Amino acid sequence: MKPVAIIGGGITGLTAAFKLKQLGIPTTLFEAADRVGGVIQTIRDGEFLAECGPNTILETSPLIGDLIRDLGLEDRRIYSSEQAENRYIVRGNRPVKLPGSLLEFLFTPLFSCRAKARLLMEPFIRRAPADEEESLAKFVRRRIGREFLDYAINPFVAGVYSGSPENLSVREAFPALHALEQRYGSLILGQILGAWERKRKGGVSKKDAPKFSFDQGLQTLTDALRHRLKDQIRTGQAINKADRQNNSWSLGQAGDYSTVLFALPAFRLAELQLTCGSKPIDLSMLADIQYAPVASVVLGFHRGDVAHPLDGFGALNPEVEQLNSLGTIFSSSLFPGRAPLGQVLLTSYVGGLRAPHLVTKTPDELCNLVREDLKRVLGVSGEPTYRHVFVHRRAIPQYDVGFGRFKTLMNKLEQNVGGLFFAGHSRDGISLVDSIVSGHEAANRIADHLNQTT
Ligand SMILES: Cc1cc2nc3c(=O)[nH]c(=O)nc-3n(C[C@H](O)[C@H](O)[C@H](O)COP(=O)(O)OP(=O)(O)OC[C@H]3O[C@@H](n4cnc5c(N)ncnc54)[C@H](O)[C@@H]3O)c2cc1C
């Protein structure tokens with residue numbers, strides 16, 4: 001049997017390759033860069049530990065625990081501290097704790113009395129027709145009002161997608177929210193009944209799912225996968241062409257394969273020259289998937305130079321507050337071993353679709369923009385003791401209204417072109433859990449395909 005080719009060595013491609021290895025299916029993984037891991041990259045600098053990309057994994061699928069166990073990483077996983085349950089949203093230059101209970105909600109200064117009263121109307125608002133695709137902003141304004149859009153949804157979307165609620169499709173980007181309305185007719189009733197159903201089935205909501213990293217950061221995971229896959233990995237080898245001939249895929253000088261799995265960003269998929277026989281397969285429309293640019297600015301400070309207790313996950317900045325950054329993670333409060341004793345580490349994000357031009361600033365300028373915000377919001381004074389800036393020009397794909405047409409294209413090609421598969425954040429969700437599940441499921445589809453064809 002010819003081996004399987006996996007193109008792209010981010011967490012999706014690595015997970016798929018590892019699963020295929022466990023199934024005993026020969027596989028080669030091609031990665032354009034000189035390292036695998038994709039956007040996951042951890043920098044250890046003395047006693048500081050900075051994440052250039054993602055910071056935490058949300059354990060919402062049992063597949064995550066299985067992967068960590070199979071890689072022998074259970075002892076190295078660290079769950080976020082209890083205080084990380086606190087989340088702050090900035091209002092009037094001040095971080096306000098997001099309410100965690102009904103009582104806290106009633107007394108929080110985050111929302112006005114009028115906005116709280118408006119929420120009581122929510123169960124009586126009619127659901128949208130199932131076939132109507134709404135933007136997240138329209139959905140939220142319709143169901144819970146403008147103020148919740150500004151002070152809850154807008155900052156949350158900046159934290160997850162670095163995007164805009166005006167563009168994101170509620171159905172594609174937040175399918176669980178869309179399903180709540182469609183199923184229960186109300187978000188509030190849906191929350192209550194959904195929690196009751198989950199309890200009955202032993203499930204876990206995203207809100208309650210444990211968050212974790214590793215003692216040496218998230219790159220521990222991709223390093224372990226690289227170590228297990230060793231000589232199956234070819235780094236520094238971009239694959240831009242593939243041709244299907246006589247039931248196999250030719251990757252030119254890279255050889256012939258039974259099957260190819262593309263685990264690439266959409267803008268790279270769009271550039272591929274794919275042919276089936278001599279017929280071209282056109283993926284160019286995937287270039288229309290917009291990516292938000294993001295700069296990660298990681299700064300260390302003496303504890304005494306920060307007025308805020310940093311007793312939480314971090315603080316998100318609503319657009320209406322007109323700050324320079326999207327928000328800040330209190331990295332050294334989340335996990336131990338991120339900063340030396342007596343110091344703290346803060347990870348802020350700049351840019352997104354809110355201010356894409358900012359990512360073109362120099363590292364010094366980016367640090368200054370973040371320091372202005374940290375001074376205003378968290379009372380940070382003094383010079384940073386550590387800094388690391390990393391710019392992702394195309395960081396996070398936006399599942400905007402109309403995104404379904406891209407998914408349909410990839411799904412149709414998988415069904416109609418033998419041995420062609422897709423996985424990863426271009427189609428299957430933007431979080432690390434989504435990518436791990438996507439890689440795992442793609443490996444299973446490939447195994448089924450090979451069983452049927454050989
Ligand atoms: C700044 C930032 C913060 C984030 N924070 C979080 C977080 O805290 N929690 C969370 O759950 N998610 C987070 N995410 C999202 C999550 O990290 C990503 O969705 C996930 O890592 C995507 O993995 P992937 O393998 O699909 O893609 P990528 O990591 O993009 O990997 C794709 C790989 O393909 C390679 N490649 C490209 N072209 C070719 C080619 N022609 N041939 C061969 N190889 C090629 C690339 O070099 C790359 O290594 C964050 C993302 C970013 C950018």
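Biologist: Which residue just after α2 takes a positive phi?

Modeller: Gly-72, with a phi of about 70 degrees. Helices here are DSSP runs (H or I, at least four residues), numbered from the N terminus. This is a predicted model, where local features need pLDDT of at least 70, side-chain atom pairs count only at pLDDT 80 or more, and totals for chains, interfaces and linings use all residues. Residues are numbered from 1 along each chain as its sequence is written, and side-chain values use heavy atoms, leaving out hydrogens and water.

Biologist: Happy with that! Why is Leu-102 called exposed?

Modeller: Leu-102 has 63% relative accessibility, so it counts as exposed. The cut-offs are under 20% relative accessible area for buried, over 50% for exposed and partly exposed in between (1.4 Å probe, protein chains only). Leu-102 belongs to helix α3 (residues 102-107).

Biologist: And which residues of helix α2 are buried?

Modeller: In α2 (residues 62-70), they are Leu-63, Ile-64, Gly-65, Leu-67 and Ile-68.

Biologist: What makes the approach of Thr-12 to the ligand a polar contact?

Modeller: An N or O atom in the Thr-12 side chain is 2.8 Å from a ligand oxygen. A polar contact is a pair of N or O atoms within 3.5 Å; within protein, one must be able to donate a hydrogen and the other to accept it, and residues adjacent in sequence count only if both atoms are side-chain atoms. So the Thr-12 pair qualifies.

Biologist: Which other side chains offer polar atoms to the ligand?

Modeller: Among them are Asn-240, 3.3 Å from a ligand nitrogen, and His-425, 3.1 Å from a ligand oxygen.

Technical notes
Helix = DSSP H or I, 4+ residues; strand = E, 2+ residues; numbered from the N terminus.
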